[in-house]
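Trainee: Could you take me through one part of this model at close range? I would like the contacts and the burial, then some context from elsewhere in the chain.

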Amino acid sequence: MHASTLTTSPRTAGRARALLLAACLGAVPVLAQSAPVATPPGTPATSEPRQRAATTGDETMDNAVAAVVVAALSEQLSTATIAVNIDSFDVAIASVRDRTVSGTGRLRVGDDAEWIGFRYSVPYDTSFGSAGYPRLTIGGVAASEREVPNDAGLVQQLEDRVAVELDRQFGADSSRLQLDDISTVQGGARLLRISANGIADFGRNGNTPVRIEALYDQVANAWQRVNYELGVAAR
């Protein structure tokens, strides 16, 4: 297959992880929170209970996984500002020393007021306390997302972009896509997530199933992320 593309002390773990996330973002600033609104005189103040920070129970693992997830999102999404929150960790044993850490999170792009959900899966080496590059699926998680009609123009753009990339990858000049299972989900007012399954046709060189996941920024009128996998059946 070819692919393009925390329950210890929650207070200390949360503070360390927040500092790490900010450092990982580097030049990509996290969106600032608005200043608190003063409570009118005579009105009893109310406060929402703080949510406990997600944790695996291992702060080293938490930080390593958070770092690679934030770095990968910052790399894959071409935007000046991004905010990231990891909501869950699930650890599975892959071998004596290796673990697979997966879960969900939320991201917010630019000045969009709404969060977009994502899923991640990260290989983790317990011997070195290091995390590998994550597998990310953006969208399809947050309750605020909704399915919208497919845009024929965007679908055609997506087909053309992937066909050009396939030609470049395999040194061909006749790659074509036949997409027959396409869905578009809107996350907030900014991003569209387009998922598609179909066939990549290489002419005399045969064909193979293809799965595509892409993000389109309606404000910037630009593709933020286009990932494809060959030789995989539809999910």
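Mentor: What follows starts at one loop residue and then turns to a hairpin and a helix. Keep in mind that the model is predicted.

Start with Ser-175. Ser-175 sits in the loop between helix H3 (152-170) and strand S9 (176-187). Is Ser-175 buried or exposed? Its relative accessible area is 10%. The cut-off for buried is under 20%, so Ser-175 counts as buried. What does the side chain of Ser-175 meet? It makes a polar contact with the side chain of Asp-167, at 2.6 Å. Asp-167 is also among the residues that Ser-175 touches, leaving out those up to four places away in sequence. The others on that list are Ala-163, Leu-166, Asp-201 and Phe-202.

Next, the hairpin. Strands S11 (residues 207-217) and S12 run antiparallel, joined by 8 bridges. Val-210 is placed opposite Leu-230 of S12. Between the two strands lie 4 residues. One residue in that turn, Asn-221, has a positive phi of about 50°. S12 covers residues 222-230, and 7 of its 9 residues are buried, so the rest of the structure largely encloses this strand.

Last, helix H2, residues 59-76. From first C-alpha to last, its 18 residues reach 26 Å. That is close to the 26 Å expected at 1.5 Å a residue. H2 is mostly covered, with 14 of the 18 residues buried. Asp-58 caps the N-terminal end of H2. The cap places a side-chain oxygen of Asp-58 3.0 Å from the backbone nitrogen of Thr-60.

Conventions: Residues numbered from 1 in each chain as written. Predicted model: local features only at pLDDT ≥ 70, side-chain atom pairs only at ≥ 80, totals over all residues. Heavy atoms only, no water. Expected span 1.5 Å × (residues − 1). Buried < 20%, exposed > 50% of the residue type's maximum accessible area, 1.4 Å probe, protein only. Polar contact = N/O pair within 3.5 Å; in protein donor to acceptor, adjacent residues only side chain to side chain. Pairing = 2+ DSSP bridges. Contact = heavy atoms within 4.5 Å.
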